[in-house]
Amino acid sequence: MSDPGLGLDGFHHVALITSDYPRAKHFYVDILGAKVIDETLRVERESYKLDLLLPGGAQLELFSFPAPPPRVNRPEACGLRHLAFRCRDVDVARQMLETRGVTCEPVRVDELTGRRFTFFADPDGTPLELYETG
């Protein structure tokens with residue numbers, strides 16, 4: 001990435017809104033293995049904010065709000081398409097997810113890079129990808 005004088009150092013975090021905070025927290029912490037950095041109840045907003053750390057240093061911010069509107073879930077809708085997680089072996093990661101009750105799509109090969117990948121979804125239907133980097 002070229003820096004046009006902005007001083008950008010890379011990617012810091014992605015923020016997600018969930019319809020069911022306890023279920024989403026369980027998914028990202030207990031199933032995907034993210035580590036809790038901080039958890040805040042924002043009483044005035046009837047909202048939780050959960051800061052999570054992923055391997056490699058990227059962070060997820062998980063928010064809850066009363067009655068959030070549903071996400072447009074077609075992959076080609078404008079906006080965020082999906083989140084992709086690097087993994088060493090997509091078969092091993094896929095098998096671990098499936099033993100934890102997460103349904104994954106069949107493994108495919110990226111026609112441009114030759115890398116293997118699969119998709120799955122979080123409890124709110126946010127598309128997530130495992131992308132094999134070796």
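Mentor: Two strands are taken to pair if DSSP finds at least two bridges between them. The model under discussion is predicted.

Trainee: In what order do the 4 strands of the open sheet stand?

Mentor: The sheet is open and its pairing is mixed. Strand E1 (13–18) and strand E2 (35–42) each have a single partner strand, so they stand at the edges and one side of each is left without a neighbour in the sheet. From one strand to the next, the twist averages 15°. The order is E1-E4-E3-E2.

Trainee: Which residue in E3 stands opposite Val36?

Mentor: E2 and strand E3 (residues 47–53) run antiparallel and are joined by 7 bridges. Within E3, the residue opposite Val36 is Leu52.

Trainee: Which residue takes a positive phi in the hairpin of E2 and E3?

Mentor: This hairpin has 4 residues between the strands. The positive phi lies near 50°, and the residue that takes it is Glu46.

Trainee: At about what angle does helix H1 run to E4?

Mentor: Helix H1 (residues 21–31) lies across E1, E2, E3 and strand E4 (59–64). Angles are taken between N-to-C directions on a scale from 0 to 180 degrees. Relative to E4, H1 runs at about 165°.

Trainee: Which element gives the largest share of the lining of the largest pocket?

Mentor: The largest pocket has a volume of about 850 Å³ and is lined by 25 residues, with Pro55, Phe85, Arg86, Cys87 and Leu130 nearest its centre. Two or more lining residues come from each of E4, strand E5 (83–87) and helix H2 (90–99). The largest share amounts to 5 residues, and the element that gives it is E5.

Trainee: How many residues in the lining of the largest pocket are nonpolar?

Mentor: The lining is divided by class, with 3 polar and 4 charged residues. The count for the nonpolar class is 18.

Trainee: Is Thr126 buried or exposed?

Mentor: Thr126 lies in the loop between strand E7 (116–121) and strand E8 (127–132). Leaving aside neighbours within four places in sequence, Thr126 is in contact with Leu16, Arg71, Phe120 and Ala121. A residue under 20% relative accessible area is classed as buried. Because its relative accessibility is 6%, Thr126 counts as buried.

Notes: Residues are numbered from 1 along each chain as its sequence is written. This is a predicted model: local features need pLDDT of at least 70, side-chain atom pairs count only at pLDDT 80 or more; totals for chains, interfaces and linings use all residues. Side-chain values use heavy atoms; hydrogens and water are left out. Contact means heavy atoms within 4.5 Å. On a 1 Å grid over the protein atoms alone, a cavity is a set of points where a 1.4 Å probe fits but cannot get out, and a pocket is an open set with protein on both sides within 12 Å along at least five of seven lines; lining residues have an atom within 4 Å of a point. Grid points are joined across faces, edges and corners, and a volume is the space filled by probe spheres set on the points. Ala, Val, Leu, Ile, Met, Phe, Trp, Tyr, Cys and Pro count as nonpolar, Asp, Glu, Lys and Arg as charged, and the others, Gly among them, as polar. Buried means under 20% relative accessible area, exposed over 50%, partly exposed in between (1.4 Å probe, protein chains only).
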